[in-house]
Amino acid sequence: MVRGPGPIEYVWQNFCYRSKVPPPTQAESGSSSSSSSAPRHGRLSMHGDLMDLPDPAYLALLPMESLLDHLQAVCNELALKYEAGLNGKTKDPSLLRNAEIVLKRCHRQLNTAGQSRAPAHWDGAAVQRFLSMYNGQDTRHSCFNNLHDVTKQVLNLNRVVKHWRHQVDGEPVQLSFGVNGSVHMTGLGPLNVESWEDVNVFQLEEDSKQALQVAFMSIWKRRDLQRLCTAPSAKVLDFLRATEAEYRQNPYHNRIHAADVTLSAYYLWSKLSGEECFDNYFTEVDLLVVLVAAAIHDMGHPGVNNNFLVATRDRLALRYNDRSVLENFHAASAFELMHEQDVDLLEHRQPVPPVAALRMRVINMVLATDMDRHREVMSDLAKQVDRHDRFQDIDKLVLEKHLVHMVDIAHPLRPYTMHLEWSKRVTMEFLAQGDQERRLGFPVGELFDREKATSLAAGQLGFLNFVVIPAWKQLRDISLNATAHPDRCLQENLGKWKELDEQEKLAAKEAKVAASASSSGSGSKQPP
């Protein structure tokens, strides 16, 4: 009985037809003497039902159409085998578990490439796209993601994706590593992480398309954290790429915000640790947990707040019992990702503290970013300051929670142009949530109500006066020197908003007077 072409043969025939690559000769594919030889150039080497994959460098030279056709054929076959496994036709369940892990990993890797065109400013079509996403039209979980996933596993097309991204967007920043684990960045000048005003995170995103990775690894290099951590720098970067891919393209809660929070956390931690009043107080391990908490603190944020998730009985609210829903989700997702990537970012070379204790510190810092805990976080630090005569005696776990919570809401401490951009973005996200609440018949808060919301100036004045400044004052009282540059920006921003608010109120008053005069004038006219 003559056997027809099997799935692998079909894939190969399809690939050869589309890409004009000659199929292997009988000597190349059928003879046992040549079966062990390596494939020439980019050709697939056939051994029965086994296939040696072509060199990714060769695939990068092929047109996109050829790659997609070949990929589709492989996907069809993989889908059939996966379905058969789900129906109990496989004797090895571990294959299915491995397939699911690989799919998730590939999804994140290709998500990173797909986000290379994230806009630096949000207007026009970009606004409509993200409003549509908030309105329930998010297609992130379409089956096409699995098509991407299969790409990396079957053909190692990560290099191909990079090749095509370079063709479209130009050469992005490249992060690589020396033999000793040192970090090298090409395509971008050194990031001055020690300066408060010099780093514009929006420009960083526009230049690099991977702001979080660049920010974190710049600090990693600056502090030589490779000497502290047991995880290789390359695996740390892989984790950051996957983390960055998990951040959705929300106007505010996105990877740019994560990068900004990470940079702010490092700046304040570095300045405080250099103060005489904190001599021998901080260690590099303390920096590590603060950086990890800052980088992951909004991972996977859906663009709506905890109250919305609880009110809509979202699956996350049900999973976390309506308590700090998003914050629990962010922390759990990050440690799950570490497990999947087989990288323990908190494993270090010091005898103490244990990794389990560091993990709990990261979790508690992320939970402290819940705005429902704002007063609690402030109260805890105030009690520590009142209780101790020396700042060195303050509970470090309390101080680090306050620091991470503070930098999460610290965009008013940035230079005005950056602060203004963040203010517009967070307002956009709030109003998008309010639109959903109105459509679902839920009460809409004033900050979220498009019809009743105050002006941007009035809203930011309230945010600064009632939320930011009281929390910031606690850190400023600890060290005027460490907080000097951010505090100057805060005062300048406060002055700008006050001036703008007064102008808006004056304009509104004049408009009201004019309208009243017009109304009375038309009413006093007598008919001839």
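**Exercise 1. Place lysine 505 in the fold and say whether it is buried or exposed.**

Lysine 505 belongs to helix α22, residues 484-524. Helices here are DSSP runs of H or I with at least four residues, strands are runs of E with at least two, and both are numbered from the N terminus. Next, take the accessibility: with a relative accessible area of 55%, lysine 505 is exposed. The cut-offs are under 20% for buried, over 50% for exposed and partly exposed in between, using a 1.4 Å probe and protein chains only. Finally, look along the chain: serine 455 is 50 residues away, and the two C-alpha atoms are separated by 10.0 Å.

Before going on, a word on the model: it is predicted, local features need pLDDT of at least 70, side-chain atom pairs count only at pLDDT 80 or more, and totals for chains, interfaces and linings use all residues. Residues are numbered from 1 along each chain as its sequence is written, and side-chain values use heavy atoms, leaving out hydrogens and water.

**Exercise 2. Describe the surroundings of glutamate 437 and the helix that holds it.**

Start with the helix: glutamate 437 sits in α20, residues 416-440. The 25 residues of α20 should span 36 Å at 1.5 Å a residue, and its end C-alpha atoms are 36 Å apart, so the two agree. The expected span is 1.5 Å times one less than the number of residues. After α20 comes glycine 441, with a positive phi near 85°.

Now the residue: glutamate 437 counts as buried because its relative accessibility is 9%. Leaving aside neighbours within four places in sequence, its contacts (heavy atoms within 4.5 Å) are Phe308, Phe442, Pro443, Val444, Gly445 and Phe448. Phenylalanine 308 is 129 residues away along the chain, yet the C-alpha separation is 7.8 Å.

**Exercise 3. Work out how α16 and α17 meet, and what lies in the loop between them.**

First, the geometry: the axes of α16 (residues 325-341) and α17 (residues 355-367) come within 8 Å and cross at roughly 145°. Axes are lines fitted to C-alpha atoms, for helices over the stretch in contact, with angles from 0 to 180 degrees between N-to-C directions.

Second, the residues: α16 contributes Glu327, Asn328, His330, Ala331 and Phe335, while α17 contributes Arg359, Val362, Ile363, Val366 and Leu367. They divide into 6 nonpolar, 2 polar and 2 charged. Here Ala, Val, Leu, Ile, Met, Phe, Trp, Tyr, Cys and Pro are nonpolar, Asp, Glu, Lys and Arg are charged, and the others, Gly among them, are polar.

Third, the loop between α16 and α17 holds proline 353. A cis peptide bond joins valine 352 to proline 353, with omega about -5°.

**Exercise 4. Which residues of α19 are buried, and what covers them?**

Begin with the count: 10 of the 13 residues of α19 are buried, so this helix is largely enclosed by the rest of the structure. They are Val398, Leu399, Glu400, His402, Leu403, Val404, His405, Met406, Val407 and Asp408. Their cover includes α12 (255-273), α13 (284-296), α17, α18 (374-387) and α21 (456-478).

**Exercise 5. Where do lysine 209 and aspartate 322 lie, and what is the sign of phi in each?**

Lysine 209 is in the loop between α9 (201-208) and α10 (211-222). Its phi is positive, about 60°, although lysine 209 is not a glycine. Aspartate 322 is in the loop between α15 (315-319) and α16, and its phi is also positive, near 65°.
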